Amino acid sequence: MNNDNNNVEDSHEKVTEAPTSKTSRLDNLDNLDALSQYIKSAKGTREGRAIPPLERWHPEDIADMDLTIKANGEWWHEGGKMTRESLVSLFATILWKEENNGTTEYFLKTPVQKIRIQVEDAPLLINDVGIVHEDDMSWLEFTTTTGDVVRLDEEHPIVLKAYNSNRSDFNDNDFSESNQLSTADDAVGSQDLASTEQVRPYMMVRNGLTALIGRNTFYHLTEIGALTEANGKTILTLQSGDQSYSLSMSTD
């Protein structure tokens with residue numbers, strides 16, 4: 001199979017609430033051709049890169065697809081890298097996460113079927129950050145490789161988490177208030193991650209989905225924010241809206 005799915009149109013302006021009748025249902029969506037055609041055949045009026053109402057879809061049918069989102073953000077299907085950015089962005093709009101008996105599972109979700117996929121780390125990747133000005137206030141605005149745009153605020157916090165190649169799950173505790181730092185004083189005593197572990201920055205995006213903040217983007221954040229030293233740790237303080245957010249990083 002051609003992993004790039006060249007017979008799929010580049011445009012994905014309309015991703016809408018798909019019909020659920022038996023006449024509109026495809027027999028099997030667990031391949032790229034069928035899934036992309038199903039999404040594009042949906043009728044509706046939402047414009048732009050709108051996220052479908054995934055929370056209102058409750059399909060009982062579950063299938064598996066040989067599709068993995070790598071730790072570096074790349075999507076691989078049946079052993080080959082997917083290079084069509086439009087197709088990856090289209091599928092990213094139907095990404096869904098569920099907690100099942102303490103295990104995190106990821107799916108591509110439609111009204112008629114959930115297709116289970118594998119995620120090595122975070123399902124999304126942030127590759128850009130900038131400052132936007134609105135109503136006499138400045139915000140840090142982040143963009144993912146698949147088109148999500150979020151601002152740093154209480155609903156979209158940044159946390160530092162030790163990366164484990166054997167686990168891709170995030171739970172509510174990872175983004176709990178105890179891990180969402182607001183002052184440098186709090187940062188000194190929080191998030192004491194082992195220096196021997198690879199620590200990565202993540203951000204909450206939507207529907208419980210997290211995004212890894214890419215290395216270059218995080219370096220840019222250190223230039224935008226203020227760096228201070230306290231008790232053997234480096235504190236990165238970021239201003240977004242009328243709030244400041246701080247992250248503690250070991251200097252070891």
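## Sheet, helix and confidence in a predicted model

Strand β1 (residues 62-69) and strand β2 (residues 75-77) run antiparallel and are joined by three bridges. Within this pair, Leu67 stands opposite His77 in β2. The model described here is predicted.

Both strands belong to an open sheet of six strands, ordered β3-β2-β1-β6-β5-β4, in which the pairing is mixed. At the edges stand β3 (80-81) and β4 (95-100); each has a single partner strand, so one side of each is left without a neighbour in the sheet. Helix α2 (residues 85-92) lies across β2, β4 and β5 (103-109), and its direction makes an angle of about 95 degrees with β2.

Another strand, β14 (residues 233-240), contains Thr234. Thr234 has a relative accessible area of 13%, and because the cut-off for buried is under 20%, Thr234 counts as buried. The side chain of Thr234 forms a polar contact of 3.0 Å with the side chain of Glu229.

Confidence varies along the chain. The mean pLDDT of the protein is 78, and 70% of its residues reach 70 or more. Among the elements, strand β12 (residues 209-213) has the highest mean pLDDT, 97, and helix α3 (residues 184-188) has the lowest, 33. Two stretches in which pLDDT stays under 50 are listed below, with their contacts beyond four places in sequence.

| Stretch | pLDDT | Contacts beyond four places in sequence |
|---|---|---|
| residues 1-27 | under 50 | 79 contacts |
| residues 43-48 | under 50 | 18 contacts |

Technical notes: Residues are numbered from 1 along each chain as its sequence is written. This is a predicted model: local features need pLDDT of at least 70, side-chain atom pairs count only at pLDDT 80 or more; totals for chains, interfaces and linings use all residues. Side-chain values use heavy atoms; hydrogens and water are left out. Helices (H or I, at least four residues) and strands (E, at least two) are DSSP runs, numbered from the N terminus. Buried means under 20% relative accessible area, exposed over 50%, partly exposed in between (1.4 Å probe, protein chains only). A polar contact is a pair of N or O atoms within 3.5 Å; within protein, one must be able to donate a hydrogen and the other to accept it, and residues adjacent in sequence count only if both atoms are side-chain atoms. Two strands pair if DSSP finds at least two bridges between them. Contact means heavy atoms within 4.5 Å. Axes are lines fitted to C-alpha atoms, for helices over the stretch in contact, and angles run from 0 to 180 degrees between N-to-C directions. pLDDT is the predictor's confidence in each residue, from 0 to 100.
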